[in-house]
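Me: Please take a close look at a single part of this model, and then follow the thread from there into its surroundings. I would like the cut-offs stated wherever a term depends on them.

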Amino acid sequence: MNYIVLDLETANPDCASICQIGIVLVENGETVGTVSYLIDPEDRFDHWNIKVHGIRPEHVAGRPTFADLLPEIAGLIGGRIVVTHGSFDRIAITKACQKYNLPLLEARWLDNQTVVRRTWPQFSRRGYSLGNLAAHFDIAFQHHDALEDAIATAEIFRRALTESGRTASEWASGVSRQPGSAAPILVQGVSGGPFSGRTIVFTGRMQVARKEAARRAAELGFTVAGAVSPATTHLCVGGNGTGTAMSSKGREAERLRSGGHQVSIITEDEFWQLLSR
């Protein structure tokens with residue numbers, strides 16, 4: 001039963017701006033090693049991200065870039081099962097590879113949130129964020145340090161394997177991608193725009209034609225998707241933004257937020273204000 005557990009942090013909302021990666025190596029059910037990398041994202045640091053993980057530009061000055069480290073990371077992953085808590089880490093690795101025009105990592109990605117939700121009924125709909133699970137299982141850790149998060153994820157995953165009676169390989173083979181996890185892209189965002197790496201979804205009756213709103217968003221870097229998914233960073237609600245609970249997209253965004261995903265739900269007015277900054 002060999003697999004690795006991976007977690008990462010980013011410098012800003014762009015998934016490709018990886019500034020830390022933590023990895024736990026597991027062989028025969030036992031942790032045999034841990035690795036932590038501070039990474040120069042070659043990108044700006046957002047105040048909110050710094051507030052979350054505490055990593056500042058000076059902490060990564062002179063550190064390797066993702067492109068520098070990819071051969072070493074690829075050697076660790078090497079086609080193995082890679083457990084992450086949520087899809088963000090998988091998406092970020094993919095985006096970083098694309099940013100540097102590097103080949104995608106060959107791995108069998110396994111979302112621990114899916115494992116948890118299928119193993120324990122009380123977490124099937126909510127409460128499956130890493131922080132909540134760690135509190136439930138009395139696991140002490142420093143949240144938003146990539147290695148600490150990976151260690152906590154590894155412990156929760158180990159308990160899920162014991163509880164479910166299934167191996168990591170059985171979970172990886174039996175868990176298909178969740179419906180909606182790869183939401184159809186309507187408009188691809190312009191590379192290098194101020195909102196590059198972020199994904200927005202529109203719902204409700206808009207004051208401006210939705211096609212025009214999507215065009216403007218894409219010009220500034222937003223990828224415009226047709227459905228809410230774990231890759232979604234913003235949901236724009238038409239009108240005054242009320243009644244999101246009646247919208248299937250609004251309900252899905254709230255479900256993701258309860259699971260720990262950072263999805264900003266904004267009104268149409270807030271959307272235009274965001275673009276005008």
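Reply: D138 is exposed, with a relative accessible area of 71%, where exposed means over 50%, buried under 20% and partly exposed in between, for a 1.4 Å probe and protein chains only. The model is a predicted one, in which local features need pLDDT of at least 70 and side-chain atom pairs count only at pLDDT 80 or more, while totals for chains, interfaces and linings use all residues. Residues are numbered from 1 along each chain as its sequence is written, and side-chain values use heavy atoms, with hydrogens and water left out.

D138 sits in the loop between α6 and α7, the elements being DSSP runs numbered from the N terminus (helices H or I, at least four residues; strands E, at least two). Its phi is near 60°, a positive value in a residue other than glycine. H144 lies in the loop between α6 and α7 as well, and its phi, near 75°, is also positive in a residue other than glycine; at 26% relative accessibility, however, H144 counts as partly exposed. Most residues other than glycine have a negative phi.

The two helices that flank this loop, α6 (130-136) and α7 (146-164), are among the elements against which the buried residues of α5 pack, together with β4 (81-84), β5 (108-111) and α8 (168-174). Helix α5 (residues 112-119) is mostly covered, with 6 of its 8 residues buried, namely N112, Q113, T114, V115, V116 and T119. At the start of α5, a side-chain oxygen of D111 comes to within 2.8 Å of the backbone nitrogen of Q113.

Nonpolar side chains tend to be buried together in soluble globular proteins. Here the largest nonpolar core (buried Ala, Val, Leu, Ile, Met, Phe, Trp, Tyr and Cys residues joined through side-chain atoms within 4.5 Å) has 28 residues, and Y3 and F157 have the most contacts inside it. Both flanking helices, α6 and α7, are among the elements that each supply at least two residues of this core, and its largest share, 8 residues, comes from α7. Leaving aside neighbours within four places in sequence, F157 is in contact (heavy atoms within 4.5 Å) with Y3, V83, L110, N112, V115 and A168, of which N112 and V115 are buried residues of α5. A second, separate core has 24 residues, including L8, I23, L69 and C97.

Notes
Polar contact = N/O pair within 3.5 Å; in protein donor to acceptor, adjacent residues only side chain to side chain.
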